[in-house]
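Colleague: Please take a close look at the ligand site in this model for me. After that, place it in the wider strand layout, and point out any unusual backbone geometry.

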Amino acid sequence: MVKAIVGANWGDEGKGKITDMLAKESDIVIRFQGGANAGHTIINNYGKFALHTLPSGVFYDHITNVIGNGVALNIPVLFNEIKELTSRNVPMPKLLISDRAQMVMPYHILFDQYEEERLGGKSFGSTKSGIAPFYSDKYAKIGFQVSELFEEETLREKVERICEMKNVLLEHLYHKPLLNPDELFETMLEYRKMVEPYVGDVSAFLDQAIKDGKELLLEGQLGTLKDPDHGIYPMVTSSSTLAAYGAVGAGIPPYEIKKVITVVKAYSSAVGAGAFVSEIFGEEADELRRRGGDGGEYGATTGRPRRMGWFDCVASRYGCRLQGATDVAFTVLDVLGYLDEIPVCVAYEVDGEIIHDFPTTGKLEKAKPVIETLKGWKCDIRGIKKYEDLPENCRNYIEFVEEKLGYPITMISNGPGRDDIIYR
Ligand code: GDP
């Protein structure tokens, strides 16, 4: 069976932990979109790890970890991550990289930086990992597939052709040093050496795995609100964050995705710019940020402080709907244990009108939160294993949210560890 784990919000919902937990029962864990611009934090017996490119199954030796064709593959980052793992006593993971995955080129990272510089105050708050230039090139049909590394002659020609084109922009738009095609070609040959043992036909492999009745897990990055089509465009990421894209980015039939486990966070956090209706500021935000996640709400990849807000029913319901949630995993609930009262955003007010459906960006920017306040439970809920053992006000909070979402909360995460989970 194929399951997907995806985010309903702005990312950082705690997908890594849920994936790590569910990976145990999987044979194959697959990354299908995104690149090294975001990351999961995983805490297990080996320690605490931030994964940016490797699938979350790498800590289990029975799992094949797959980088699908939809991923923006940064080869040096991938190999540094492998090194980090093996140097901390994690056995070398089983890895399969799609021959159709495209590579983040060194110049994609440069163009990302240069463009943010050029835009100045109007920048997107990019993590500058080259993701937007990478996907632009992919769809402009000037990207490099991993398979092309093995066609030396055509690769050489293409490198020259691309450098010529990129150099026009570097010289006249950005006024930066030009690319040297010989150097770039050498880098490509190094990349080839690194990936060669792991490259294969992923969709054929997965097709067979599905026929053999294996358990497959599609691992999403970020969340619905960062989807380029359905998110807060243009403050979005450059590849689809939806479970539906799992079929495309891994190369499997859409009807094979039987379960869409949608991770929803018990409060809101976001990185980067863009409308954020339930955002809070000042001391109120600082306290939630300090107490949030595991050791504070700071980007796993960038270390940037995250923007904080109360739970947003409008955004989260939309987030679940676009994912096609079959199950909701409700996470980091333990963090809210310090509050006497918990504000929840239940609707938006736009130009005097109350709305419950997540609007397009222009309206979203004008939206004001309509807040309802629920009673807090004022205690630590970590360690609790049974739903009935949760304090009444905590169950009320969960049931209130579930009713607003319209999708079943089947898992509640009450701590960062693998076992901090309540099934319902
Ligand atoms: P992802 O990108 O969705 O995987 O999210 P991150 O890994 O960036 O953020 C989740 C953070 O919250 C990490 O530091 C996790 O260890 C932590 N975390 C996950 N679930 C829980 C939870 O239920 N409670 C607490 N306190 N922390 C959690």
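Modeller: Happy to! Two strands pair if DSSP finds at least two bridges between them. Strands (E, at least two residues) and helices (H or I, at least four) are DSSP runs numbered from the N terminus. The model is predicted, with local features needing pLDDT of at least 70 and side-chain atom pairs 80 or more, while totals for chains, interfaces and linings use all residues. Residues count from 1 along each chain as its sequence is written, and side-chain values use heavy atoms, without hydrogens or water.

Let's start at the ligand. It is surrounded by 21 residues (a heavy atom within 4 Å). Lys15, Gly16, His40, Asp334 and Ser413 are the closest of these. Helix 1, spanning 15–23, contributes at least two residues to this shell, and strand 3, spanning 40–44, likewise supplies at least two.

Now for the polar contacts (N or O pairs within 3.5 Å). A nitrogen atom of the ligand has a backbone N or O atom of Gly293 at 2.9 Å. The backbone of Gly415 takes part as well, with an N or O atom 3.1 Å from an oxygen atom of the ligand. Arg306 approaches with its side chain, where a polar atom lies 3.2 Å from a ligand oxygen. On its own the ligand has 590 Å² of accessible area (Shrake-Rupley, 1.4 Å probe), and the protein covers 96% of that.

Next, follow strand 3, which helps to build the shell. Strand 3 runs antiparallel to strand 4 (residues 47–51), and five bridges hold the pairing. Within this pair, Ile42 has Phe49 of strand 4 as its bridge partner. The link between strand 3 and strand 4 is a hairpin with two residues in the connection.

Elsewhere in the fold there is an open sheet of 10 strands with mixed pairing, and its order reads 9-7-5-2-10-1-11-16-20-21. Strand 9 (199–200) and strand 21 (421–423) form its edges, each pairing on one side only. Inside that order, strand 10 and strand 1 sit next to each other. Strand 1, residues 2–7, and strand 10, residues 216–223, pair in the parallel sense through five bridges. One place to look is Ala4, which stands opposite Leu218 of strand 10.

Another open sheet has three strands in the order 12-14-13, paired in the antiparallel sense. Strand 12 (268–270) and strand 13 (279–280) are its edges, each pairing on one side only. Strand 14, residues 307–309, has three bridges to strand 12, with antiparallel pairing. Ala270 faces Arg307 of strand 14 there.

Finally, here are two spots in the backbone for you to inspect. The peptide bond from Tyr233 to Pro234 is cis, and its omega is near 5 degrees. Pro234 belongs to the loop that connects strand 10 with helix 8 (243–250). The other spot is Lys141, a residue other than glycine with a positive phi, near 65 degrees. Lys141 also sits in a loop, this one between helix 4 (131–139) and helix 5 (152–174).

Technical notes
Polar contact = N/O pair within 3.5 Å; in protein donor to acceptor, adjacent residues only side chain to side chain.
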